[in-house]
Amino acid sequence: MLTKKILKSILNVKHTAIDDMKILPDGTIVIKAHPTKDEQCRCGICGRKSVHYDNGRGGTRSWRACDWNTHKVYIVADIHRVMCPKHGVVTASVPWARHKSRFTKEFEELATWLSLSCTKTAVASLLRISWNTIGSIISRMRAELDANPAAHFVGLVRIGVDETSYKKGHKYITVVINHDTGKVIWAHEGHGKTIFTKFFKLLSKEQLANIQLVSGDGAKWIQACINDFCPVAKRCIDPFHVVQWATEALDEVRRLAWRDALRNPADKTPKKRGRPKKDTTAKDLKGSRFALGKAPEHLTKKQQAQLEFIAKADKRLYRAYLLKEKLRLVFQCENVAIAKKELDGWIKWAQHCRINVFVELQRKIRRHYDAILATMEHHLSNAVLEATNRKIKLSVYMAYGFRNIDNMIDMIMLRCSDIDVRLPWDYEAT
Ligand SMILES: [Zn+2]
């Protein structure tokens, strides 16, 4: 009797009676149990008391529990099906596990917390399960912790929408964030107007009327959705997208410069015998991508030297670098009037810079001029936005091994929204 009490306490299960326990030759601990009378014959979905239907496919089922030291632990029990007035014939619930799960509740809570805090390999090795299995655990946990998704939409005033690609850019997910909390409030597979429309349709009339600002990249469908659902809201452009455009333009100039340097080496002395010397200009330009992309305050000594080299060797590329840097600094101006002046100055400079991609970029920026000004007026913090964006990208990367796209979306919501994910013992404390 005492042993059963201790077992129950270690397993940390309620409404459960322990029948037996054995240790298999490989060290696995198997505990036979059954729900107490009160918890028997309940619907697996809604938990309602129902009538016994049949024994299903019969036999016993096992649920993996948290390990005891190095031993794997399983709870085994006979299962049957019940007839729920609402859900029809379903497997009866067991107090130690969620519906359709082969793990105990505690195991799933631990797995979820770990997958939000550690690397994929660490979680899979520690728990001795495949990363793909974590996907379905994540989804069950989200369904439980985020039972009322509409709660994320309360008090929305400033929102941002972003599309993130995965599967090498072949597939997309759209993510909406609340600028005031920096949290993700909605995520959905796909991108474009039809998907963003789905988000707006979830909001009430009052909630739509409350939205004052919608930010995103330069996509036309964002404006189309604003016109349809919240015409009074201001359209903004996330500053990091604008800086990204400039970085991409700079990269294009760098690639052209590198190709030119390959074709016309700086050293034109006649060839001597032996292995031809590599052209240093081309080599230096090829390795300068990170030096050009980084903010000057974060450059390493080697990268600083690379920049100095570019300033001397390729004036055009250096000019492109300065243009990118100046545009980045425009968004760091605290004062809106000064920022506007700086932006106008940048546009004039880019117009006459004689670098085609930047002339093109200047046109794009003029097309989005009002949205960029609105961004400055509303002081959308680039740092917060970038941090959220990085977190979303990391979540997408974490979810790569999942077979199901819904698992990926649930992963993003658990990692980046305000859903409170805790360790198993912290759930009990409250
Ligand atoms: Zn039911």
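Cys84 turns out to be buried, at 2% relative accessibility, where buried means under 20% relative accessible area, exposed over 50%, and partly exposed in between, using a 1.4 Å probe and protein chains only. The model is a predicted one, so local features need pLDDT of at least 70 and side-chain atom pairs count only at pLDDT 80 or more, while totals for chains, interfaces and linings use all residues. Residues are numbered from 1 along each chain as its sequence is written, and side-chain values use heavy atoms, with hydrogens and water left out.

Cys84 is also one of the protein donors of a zinc ion, and the full set is Cys43 (SG), Cys46 (SG), Cys84 (SG) and His87 (ND1), at 2.1 to 2.3 Å from the metal. Donors here are N, O and S atoms within 2.8 Å of the metal (3.2 Å for Na, K and Ca), and since water is not among the atoms, sites may look incomplete. The zinc site is tetrahedral, with angles of 104 to 113 degrees among its 4 donor atoms. Four donors earn that label if all angles lie between 85 and 135 degrees. For four tetrahedral donors, the ideal angle at a metal is 109.5 degrees.

Along the chain, the zinc donors follow the spacing C-x2-C-x37-C-x2-H. Cys46 sits in the loop between strand 2 (29–35) and strand 3 (51–54), and Cys84 in strand 6 (residues 81–84), so this pair ties together parts that are 38 residues apart in sequence. Helices (H or I, at least four residues) and strands (E, at least two) are DSSP runs, numbered from the N terminus. Unlike buried Cys84, Cys46 is partly exposed, at 37% relative accessibility.

Strand 3 also holds Val51, which is exposed, with a relative accessible area of 55%. Val51 joins Tyr53, Met83 and Val89 in a nonpolar surface patch with about 350 Å² of accessible area together. Such patches are built from residues with over 30% relative accessible area and no salt bridge, with nonpolar side chains (Val, Leu, Ile, Met, Phe, Trp, Tyr) joined within 5 Å and like charges within 9 Å. The areas come from the Shrake-Rupley method with a 1.4 Å probe, and for residues only the protein chains shown count as cover.

Zooming out, the domain assignment gives domain 1 (1–102), domain 2 (149–237 + 381–398) and domain 3 (240–266 + 278–378); such bounds come from an automatic or database assignment. The centres of domain 1 and domain 3, taken over C-alpha atoms, are 62 Å apart.

Then there are the charged pairs: the structure holds 21 salt bridges, each a side-chain nitrogen of Lys or Arg within 4 Å of a carboxyl oxygen of Asp or Glu. In one of them, Lys193 meets Asp228, with the closest N and O atoms 3.2 Å apart. This pair links distant parts of the chain, with Lys193 in helix 5 (residues 193–201) and Asp228 in helix 7, 35 residues apart. Lys193 is partly exposed at 36% relative accessible area, and Asp228 is partly exposed at 48%. Helix 7 (residues 220–229) also carries Ile222, a buried residue at 1% relative accessibility.

Asp251 and Arg254 form another salt bridge (3.0 Å, N to O). Both lie in helix 8 (residues 239–263), 3 residues apart, or about one turn of the helix, and both Asp251 and Arg254 are buried. Lys324 and Glu325 pair up as well, at 3.0 Å, N to O; Lys324 is buried at 1% relative accessible area and Glu325 is buried at 7%. Finally, Arg98, Glu108, Glu109, Arg140 and Glu144 are linked in a network of salt bridges.

Terms used: Four donors count as tetrahedral if all angles lie between 85 and 135 degrees; four count as square planar and six as octahedral if opposite donors are over 155 degrees apart and all others between 65 and 115; anything else is irregular.
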